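This report describes how side chains pack in one protein chain, and where that packing leaves space. Please look over the sequence and the structure before reading on.

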Amino acid sequence: MTQPRTDTPAHTPWLSLVLGYGPTTVILVAGVLALLGIPWAMTLGCLWASAILIFLAGVVRGLSFFTAGGPRASQIVVFGVRFWSGLIALVLPPILALPLLAVGYLSSLIYDPFAARSGAAPRYFEKLRPPQMVIAVGGLVLLFVAALRA
């Protein structure tokens, strides 16, 4: 497809708003708590951000199964970037994991709106993903600042 999908809504369904913003808000809250010196906040933030990024990898891969003509190379590359960034971040110290996680989340900020416009993702991803990923990346930045302070 080279045009938006007509089988998906243009406006974000309410459940997608809750399940979209809820998990990224956890990253932001973890960042704030880490800056406040809460000892477990860094671990929570890194683990949660990794898990959600791996989930977002699965979203891209799942959508690729429904792409007319089969998966696109861009879908496989984006899946790989997100999956491996999330997985590798699980074993790195926060100071190294957080920039890697940011790369994965930025892939969603950049790729998903394009995918929505080209028919590789639901149409509402075009408007949902940018603010959702800004929240996530904002949380990662706060976590990184807290990691630098530690």
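Two rings of Phe, Tyr or Trp, the last taken by its six-membered ring, count as an aromatic pair if their centres lie within 6.5 Å; planes under 30 degrees apart make the pair stacked, and planes over 60 degrees apart make it edge-to-face. The model is a predicted one, and a search of the whole of it by this rule finds four aromatic pairs.

**Aromatic pairs**

The rings of Phe79 and Phe83 form a stacked pair, because their planes meet at 20° while their centres are 5.8 Å apart. Both residues belong to helix 3, which covers residues 73–89, and they are separated by four residues, about one turn of the helix. Phe79 counts as partly exposed at 25% relative accessibility, and Phe83 is partly exposed as well, with a relative accessible area of 24%. Ring pairs also bring in Trp84, so that Phe79, Phe83 and Trp84 are linked into a cluster.

Tyr124 and Phe125 give an edge-to-face pair, because their ring planes stand at 75°, with 5.4 Å between the ring centres. Tyr124 is buried, with a relative accessible area of 12%, and Phe125 also counts as buried, at 8% relative accessibility. Tyr124 is in addition one of the contacts of Ser16, a residue found in helix 1, which touches Tyr21, Tyr124 and Leu128 once neighbours within four places in sequence are left aside. Although Ser16 and Tyr124 are 108 residues apart in sequence, their C-alpha atoms are 9.4 Å apart in space.

**The nonpolar cores**

In soluble globular proteins, nonpolar side chains tend to be buried together. Here the largest nonpolar core has 23 residues, and the members that touch the most others are Ile27, Met42, Leu98, Leu101, Tyr105, Leu140 and Leu143. At least two residues of this core come from each of helix 1 (14–35), helix 2 (41–64), helix 4 (94–118) and helix 5 (125–149). A second, separate core has twelve residues, among them Leu63, Ala116, Ala120 and Leu128.

Which residues does Tyr105 touch, not counting those up to four places away in sequence? They are Ile27, Ala49, Ile52, Leu53, Leu56, Met133, Ala136, Val137 and Leu140.

Leu53, one of these contacts of Tyr105, has its place in helix 2. Is Leu53 buried or exposed? Its relative accessibility is 0%, and because the limit for a buried residue is under 20%, Leu53 counts as buried. Apart from neighbours within four places in sequence, Leu53 is in contact with Arg82, Ser85, Gly86, Leu101, Gly104 and Tyr105. Between Leu53 and Pro94, which lie 41 residues apart along the chain, the C-alpha separation is 15 Å.

**Pocket and cavity**

The structure holds two cavities of 30 Å³ or more. The table sets the largest pocket beside the largest cavity.

| Space | Volume | Nonpolar lining residues | Polar lining residues | Charged lining residues |
|---|---|---|---|---|
| Largest pocket | about 240 Å³ | ten | four | one |
| Largest cavity | about 60 Å³ | eight | one | three |

The largest pocket is lined by 15 residues, and those nearest its centre are Leu19, Gly20, Phe55, Arg129 and Gln132. Helix 1, helix 2 and helix 5 each contribute at least two residues to the lining of this pocket.

The lining of the largest cavity takes in Val59, Val60, Leu63, Gln75, Arg82, Tyr111, Asp112, Ala115, Ala120, Ala121, Phe125 and Arg129. Helix 2, helix 3, helix 4 and helix 5 each supply at least two residues of the lining of the largest cavity. Arg129 therefore appears both among the residues nearest the centre of the largest pocket and in the lining of the largest cavity. Leu63 and Ala120, which line the cavity, are also included in the second core.

Gln75, one of the residues lining the cavity, is also a contact of Thr67. Thr67 has its place in the loop between helix 2 and helix 3, and Thr67 is buried, with a relative accessible area of 8%. Leaving aside neighbours within four places in sequence, Thr67 is in contact with Arg72 and Gln75.

Terms used: Residues numbered from 1 in each chain as written. Predicted model: local features only at pLDDT ≥ 70, side-chain atom pairs only at ≥ 80, totals over all residues. Heavy atoms only, no water. Core = buried A, V, L, I, M, F, W, Y, C linked by side-chain atoms within 4.5 Å. Buried < 20%, exposed > 50% of the residue type's maximum accessible area, 1.4 Å probe, protein only. Contact = heavy atoms within 4.5 Å. 1 Å grid on protein atoms, 1.4 Å probe; cavity = no way out; pocket = protein on both sides within 12 Å on 5 of 7 lines; lining within 4 Å. Points joined across faces, edges and corners; volume = space filled by probe spheres on them. Nonpolar A, V, L, I, M, F, W, Y, C, P; charged D, E, K, R; others polar.
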